[in-house]
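Visitor: I would like to learn how to read a fold. Can we take one model and go through it feature by feature?

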Amino acid sequence: MHAPAPHTGAPQPRGAGSRHVGFVGGPPVATNGTERILGFHAALRNFPDAAALVAAGTFSKETGLRAVSGWLDAGIPITAVIGVNDTVALGALEAIMDRGL
């Protein structure tokens with residue numbers, strides 16, 4: 001079962017902390033991705049002021065890059081991002097670094 005990982009790794013929005021928290025997942029048919037998104041939502045229930053942003057795709061760097069770029073291009077002030085795996089997280093990080101953030 002994969003649900004505990006995002007639950008324990010989810011950001012802890014406090015004070016001026018995380019308010020727009022993104023989760024970039026894989027395809028909805030992938031059990032491990034589904035379990036992780038459930039853990040993500042379970043963790044955020046403890047922080048009613050945090051807005052959950054969710055994107056799905058493949059387990060690829062391009063998925064992370066596309067999701068985070070889309071949020072940033074839309075003017076969403078994301079303050080934390082969780083990737084379903086390291087490869088997706090690298091794409092998310094690339095989008096953030098491309099903007100000098």
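Visitor: How much surface does the protein expose, and what share of it do carbon and sulfur atoms supply?

Guide: One caution before the numbers: this is a predicted model. The protein exposes about 5400 Å². Carbon and sulfur atoms supply 59% of that area.

Visitor: What percentage of the residues is buried?

Guide: Buried residues make up 41% of the 101 residues.

Visitor: Which elements should I look for, and in what order do they run?

Guide: Count them, then follow the chain. There are four helices and three strands. From the N terminus on, the order is α-β-α-β-α-β-α.

Visitor: Now the sheet. What is the order of its strands, and how do they pair?

Guide: Read across the sheet, not along the chain. The three strands form an open sheet in the order 2-1-3, and the pairing is parallel. Strand 2 (51–55) and strand 3 (80–83) are the edge strands, each pairing on one side only. Direction ignored, neighbouring strands are turned by 20° against each other on average.

Visitor: How many bridges join strand 1 to strand 3?

Guide: Four bridges join strand 3 to strand 1, which covers residues 20–24. These two strands run parallel. Take one residue to see the register: Val-21 has Ala-80 of strand 3 as its bridge partner.

Visitor: Which strands does helix 2 touch?

Guide: Helix 2 (residues 31–44) packs on the sheet and touches strand 1, strand 2 and strand 3. Check its direction too. It makes about 170° with the direction of strand 2.

Visitor: Where do I find the centre of the nonpolar packing? Which residues of the largest nonpolar core touch the most other members?

Guide: Look for the members with the most partners. The largest nonpolar core has 21 residues. Val-21, Phe-23, Val-24, Phe-40, Val-68, Trp-71 and Ile-78 touch the most other members.

Visitor: Which elements supply at least two residues each?

Guide: Strand 1, helix 2, strand 2, helix 3 (61–73), strand 3 and helix 4 (86–98) each do so. Helix 3 gives the most, with four residues.

Visitor: Let us zoom in on one core residue. What is Val-24 in contact with, leaving aside its neighbours within four places in sequence?

Guide: Its contacts include Ala-55, Thr-63, Gly-64, Ala-67, Val-68 and Trp-71. Val-81, Ile-82, Gly-83, Val-84 and Val-88 are also in contact with Val-24.

Visitor: What share of the contacts with a separation of 6 or more comes from residues 24 or more positions apart?

Guide: Such residues account for 77% of those contacts in the protein.

Visitor: Next, charges. How many salt bridges does the structure hold?

Guide: Start with the general idea. Side chains of opposite charge can pair when their charged atoms come close. The structure holds two salt bridges. In one, the side chains of Lys-61 and Glu-94 meet at 2.9 Å, N to O. Lys-61 sits in helix 3 and Glu-94 in helix 4, 33 residues apart, and the pair links distant parts of the chain. Lys-61 is partly exposed at 36% relative accessible area. Glu-94 is also partly exposed, at 27%.

Visitor: And which residue forms a salt bridge with Asp-73?

Guide: Arg-99 does, with the closest N and O atoms 2.6 Å apart. Asp-73 lies in helix 3 and Arg-99 in the segment after helix 4, so this pair ties together parts 26 residues apart in sequence.

Visitor: How do Asp-73 and Arg-99 count: exposed or partly exposed?

Guide: Asp-73 counts as exposed, at 61% relative accessibility. Arg-99 counts as partly exposed, at 32%.

Key
Residues numbered from 1 in each chain as written. Predicted model: local features only at pLDDT ≥ 70, side-chain atom pairs only at ≥ 80, totals over all residues. Heavy atoms only, no water. Pairing = 2+ DSSP bridges. Axes fitted to C-alpha atoms, helices over the stretch in contact; angles between N-to-C directions. Contact = heavy atoms within 4.5 Å. Core = buried A, V, L, I, M, F, W, Y, C linked by side-chain atoms within 4.5 Å. Buried < 20%, exposed > 50% of the residue type's maximum accessible area, 1.4 Å probe, protein only. Areas by Shrake-Rupley, 256 points an atom, 1.4 Å probe, with all protein chains shown as cover. Salt bridge = Lys/Arg side-chain N within 4 Å of Asp/Glu carboxyl O.
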